[in-house]
Amino acid sequence: MKLKNILKTTGALHILLGLLIIALLIFSIETITANTSSETLLLVRGTADVVAASNLGIGFLLIICSSIKDKKSLRKVLSGELSLMACLLAVAVFNTFNAGTIVDGGPPPPVWIVLVANSLLCIYGLIKEK
């Protein structure tokens, strides 16, 4: 798989995750948090829409960066994505292991799928293109 295709795939996964979060905010936030005050719902929505917009922006950025012709620059973008995934995976693992004590729980399965798939694609692209 070429670096350009890896960047397009990781970008598409970010966009998919952003759209899933937006769909969650629009259609089912009340069913997930049944006995929650309106202030808490506003806080959750305010945070989640920023996360969704960030994922959409990162996805479009990666897809646009896939048009770069220089392989060295493509590798730098892929390294940046891998660094982002490493930070997000660290937080996800921390939240999962501390569920019920420090935090309420870890991320849902779609987030894990994006984090792991993007990390593996980035590692594959960086190793393969050496």
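Select Arg75, Leu78, Ser79, Glu81, Leu82, Met85, Leu88, Leu89, Ala92, Val93 and Thr96 in α4. Then add their partners in α5: Trp112, Val114, Leu115, Val116, Asn118, Ser119, Cys122, Ile123, Gly125 and Leu126. This is where the two helices meet. Colour the selection by class. The contact of α4 with α5 divides into 14 nonpolar, five polar and two charged residues. Keep in mind throughout that the model is predicted.

Now draw the two helix axes. Those of α4 and α5 come within 9 Å. They cross at roughly 145°. The crossing is left-handed.

**Zoom out: the whole chain**

Show the cartoon. Five helices and zero strands make up the secondary structure. Along the sequence the pattern reads α-α-α-α-α. Align the view to the principal axes. The C-alpha atoms fill a box of roughly 50 × 30 × 15 Å.

**Next stop: α3 and α4**

Keep α4 on screen and bring in α3. Select Ile58, Leu62 and Cys65 in α3. On the α4 side, pick Leu74, Val77, Glu81 and Leu84. These two groups meet. By class, this contact has six nonpolar residues, no polar ones and one charged. Glu81 deserves a label: in α4 it meets α3, and it also belongs to the contact with α5.

Check the geometry here too. The axes of α3 and α4 come within 10 Å and cross at roughly 160°. α3 is therefore roughly antiparallel to α4. The handedness of this crossing is left.

**Next stop: α1 and α3**

Hide α4 for a moment. Select residues 3-27 for α1 and residues 38-65 for α3. What angle do α1 and α3 pack at? It is about 160°, with the axes 7 Å apart. The pair is therefore roughly antiparallel. α1 passes α3 in a left-handed crossing. Colour this contact by class as well: 17 nonpolar, six polar and three charged residues take part.

**Last stop: the largest pocket**

Bring every helix back and turn on a pocket surface. The largest pocket has a volume of about 1200 Å³. Start at its centre. Ile21, Val51, Pro107, Pro108 and Val111 lie nearest to it. Widen the selection to the full lining, which counts 31 residues.

Which elements give two or more residues to that lining? They are α1, α2 (29-32), α3, α4 (71-97) and α5 (109-128). Which one gives the most? That is α3, with eight residues. Show these as sticks.

Finish by colouring the lining by class. It has 22 nonpolar residues, eight polar and one charged. To round off the tour, return to α3: this helix packs against α1, meets α4 and gives the most residues to the lining of the largest pocket.

Technical notes. Residues are numbered from 1 along each chain as its sequence is written. This is a predicted model: local features need pLDDT of at least 70, side-chain atom pairs count only at pLDDT 80 or more; totals for chains, interfaces and linings use all residues. Side-chain values use heavy atoms; hydrogens and water are left out. Axes are lines fitted to C-alpha atoms, for helices over the stretch in contact, and angles run from 0 to 180 degrees between N-to-C directions. Helices (H or I, at least four residues) and strands (E, at least two) are DSSP runs, numbered from the N terminus. Angles under 35 degrees count as roughly parallel, over 145 as roughly antiparallel, 65 to 115 as roughly perpendicular and the rest as oblique. A crossing is left-handed if the near helix is turned anticlockwise from the far one by less than a right angle, and right-handed if clockwise. Ala, Val, Leu, Ile, Met, Phe, Trp, Tyr, Cys and Pro count as nonpolar, Asp, Glu, Lys and Arg as charged, and the others, Gly among them, as polar. On a 1 Å grid over the protein atoms alone, a cavity is a set of points where a 1.4 Å probe fits but cannot get out, and a pocket is an open set with protein on both sides within 12 Å along at least five of seven lines; lining residues have an atom within 4 Å of a point. Grid points are joined across faces, edges and corners, and a volume is the space filled by probe spheres set on the points. Contact means heavy atoms within 4.5 Å.
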